[in-house]
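Colleague: I have the model open and want to know what the labels on it rest on. Can we go through them one by one?

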Amino acid sequence: MLGQRNDNNPSLELVCPAGTPAALKAAAEAGAHSIYCGLRNETNARNFPGLNFSEKELNAGVRLAHKHGSHVLVAVNTFARAGDTHIWKRAVDAVAASGADAIIAADIAVLDYAKEKHPDLRLHLSVQAAAATPESISFYQDTFGVQRVVLPRVMSVEEIVKLNKEITVETEVFVFGGLCVMTEGRCALSSYATGKSPNLTGVCSPPGDVSYDEDGSNLYARLGGFTIDGFGEGETAGYPTLCKGRFKAEGETSYLFEDPVSLNAASLLPRLQKAGVTACKIEGRQRGKAYISQVVKAFRAAVDAMDAGGNAEEEVSAMLSAMTEGGRETTGAYKKIWR
């Protein structure tokens with residue numbers, strides 16, 4: 001059952017991404033306990049062209065996932081616009097009608113609508129809500145009946161331990177994939193460069209605002225007309241996400257905000273389990289089915305190894321080495337080494 005981790009069932013729930021029906025099938029077949037996805041519109045925070053599900057595809061995806069024993073969690077986690085709230089209301093209705101196991105939301109209007117119109121629909125609080133204190137989490141629990149909170153990727157393991165001692169809802173944390181240096185839901189970098197808010201339209205660094213321009217032997221990646229990075233001949237060009245760009249400051253060029261690395265907290269799975277975390281989440285709804293299959297298999301092996309008393313890190317290290325951004329990885333804020 002979703003969220004049934006306890007002393008008699010200590011296994012971590014593995015929550016895996018699916019940006020397409022093919023990726024959902026791959027995640028289910030690879031052993032995902034739960035799969036999260038979104039509808040093909042601005043109601044979810046991965047609203048990229050070619051990704052996500054129509055209502056018909058969502059219905060079919062839920063049936064397929066349930067056939068494999070996986071749960072489906074649907075993200076309706078952007079913030080509704082005044083005058084257009086019907087788009088988000090319809091998304092909530094579609095999730096409820098699909099038979100999905102939970103909805104992931106951040107906007108209090110969306111949460112309120114889900115609670116009032118679909119009281120049997122399980123509510124998870126999106127990382128976009130940036131809830132990281134007992135007081136804020138209790139507000140969402142008491143007001144809307146939220147049963148799980150996805151924690152921001154800026155918390156250390158020690159902070160998660162303290163938080164879990166003061167709350168009664170489940171906690172879900174990211175363990176692999178893209179790493180956001182900001183507290184989710186509060187970043188304005190992409191909005192500043194493109195005029196499009198990730199929290200409203202669901203796209204950080206939207207593809208329509210990306211350009212690659214050659215200048216001699218150099219290639220420059222730009223976002224909204226701003227130069228984000230430059231690459232020499234033979235150097236692999238990355239995607240121009242503003243927080244992962246190289247900038248010159250005080251005469252030195254460096255990654256000022258964040259290195260282009262991937263989060264990999266596989267080595268911390270036993271500590272996260274001991275900290276009282278219910279579920280571990282893999283980021284990557286924009287990834288293909290081959291990537292999804294490989295990463296899900298690796299983490300499922302790690303979780304199963306932990307349940308059997310084995311070493312989780314040994315199970316995943318070799319399988320994940322080629323999956324991190326630029327071949328580089330970090331444990332991110334979980335260790336907060338800058339302190």
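Colleague: Which residues of α10 are buried?

Modeller: They are Y291, I292, S293, V295, V296, A298, F299, A302, V303, A305 and M306. Buried means under 20% relative accessible area, exposed over 50%, and partly exposed in between, with a 1.4 Å probe and protein chains only. A word on sources: this is a predicted model, where local features need pLDDT of at least 70, side-chain atom pairs count only at pLDDT 80 or more, and totals for chains, interfaces and linings use all residues. Residues are numbered from 1 along each chain as its sequence is written, and side-chain values use heavy atoms, with hydrogens and water left out.

Colleague: How do you know that the span of helix α10 agrees with the expected one?

Modeller: Helices (H or I, at least four residues) and strands (E, at least two) are DSSP runs, numbered from the N terminus. The expected span is 1.5 Å times one less than the number of residues. Helix α10 covers residues 289-307, which is 19 residues, so it should span 27 Å. Its end C-alpha atoms are 27 Å apart, which agrees. Just after α10, G309 takes a positive phi of about 85°.

Colleague: Why are α1 and α10 called roughly parallel?

Modeller: Helix α1 (residues 21-30) packs against α10 at an angle of about 20°, with the axes 8 Å apart. Axes are lines fitted to C-alpha atoms, for helices over the stretch in contact, and angles run from 0 to 180 degrees between N-to-C directions. Under 35 degrees counts as roughly parallel, over 145 as roughly antiparallel, 65 to 115 as roughly perpendicular and the rest as oblique. So α1 is roughly parallel to α10.

Colleague: And what of α2 and α3: at what angle do their axes cross?

Modeller: Roughly 30°, and the axes of α2 (residues 55-67) and α3 (residues 85-98) come within 9 Å. These two are therefore roughly parallel as well.

Colleague: What makes the pair F247 and F257 edge-to-face?

Modeller: Rings of Phe, Tyr and Trp (its six-membered ring) pair if their centres lie within 6.5 Å; planes under 30 degrees apart count as stacked, over 60 as edge-to-face and the rest as tilted. The search of the whole structure finds six aromatic pairs. In F247 and F257 the ring centres are 6.1 Å apart and the planes are at 85°, so the pair is edge-to-face. F247 lies in strand β11 (residues 246-249) and F257 in the loop between β12 (252-255) and β13 (262-264), so the pair ties together parts ten residues apart in sequence.

Colleague: Are F247 and F257 buried or exposed?

Modeller: F247 has a relative accessible area of 18%, so F247 is buried. F257 is at 37%, so F257 counts as partly exposed.

Colleague: How do you know that a charge sits over the ring of F174?

Modeller: The test is NZ of Lys or CZ of Arg within 6 Å of the ring centre and within 35 degrees of the ring normal. The charged end of R153 is 3.9 Å from the centre of the F174 ring. K281 sits likewise over the ring of Y36, at 4.3 Å from its centre.

Colleague: Which residues other than glycine have a positive phi?

Modeller: Among them are S205, at about 55°, and E250, near 55°. S205 lies in the loop between α8 (198-201) and β8 (210-215). At 1% relative accessible area, S205 is buried. E250 is in the loop between β11 and β12. At 88%, E250 counts as exposed.
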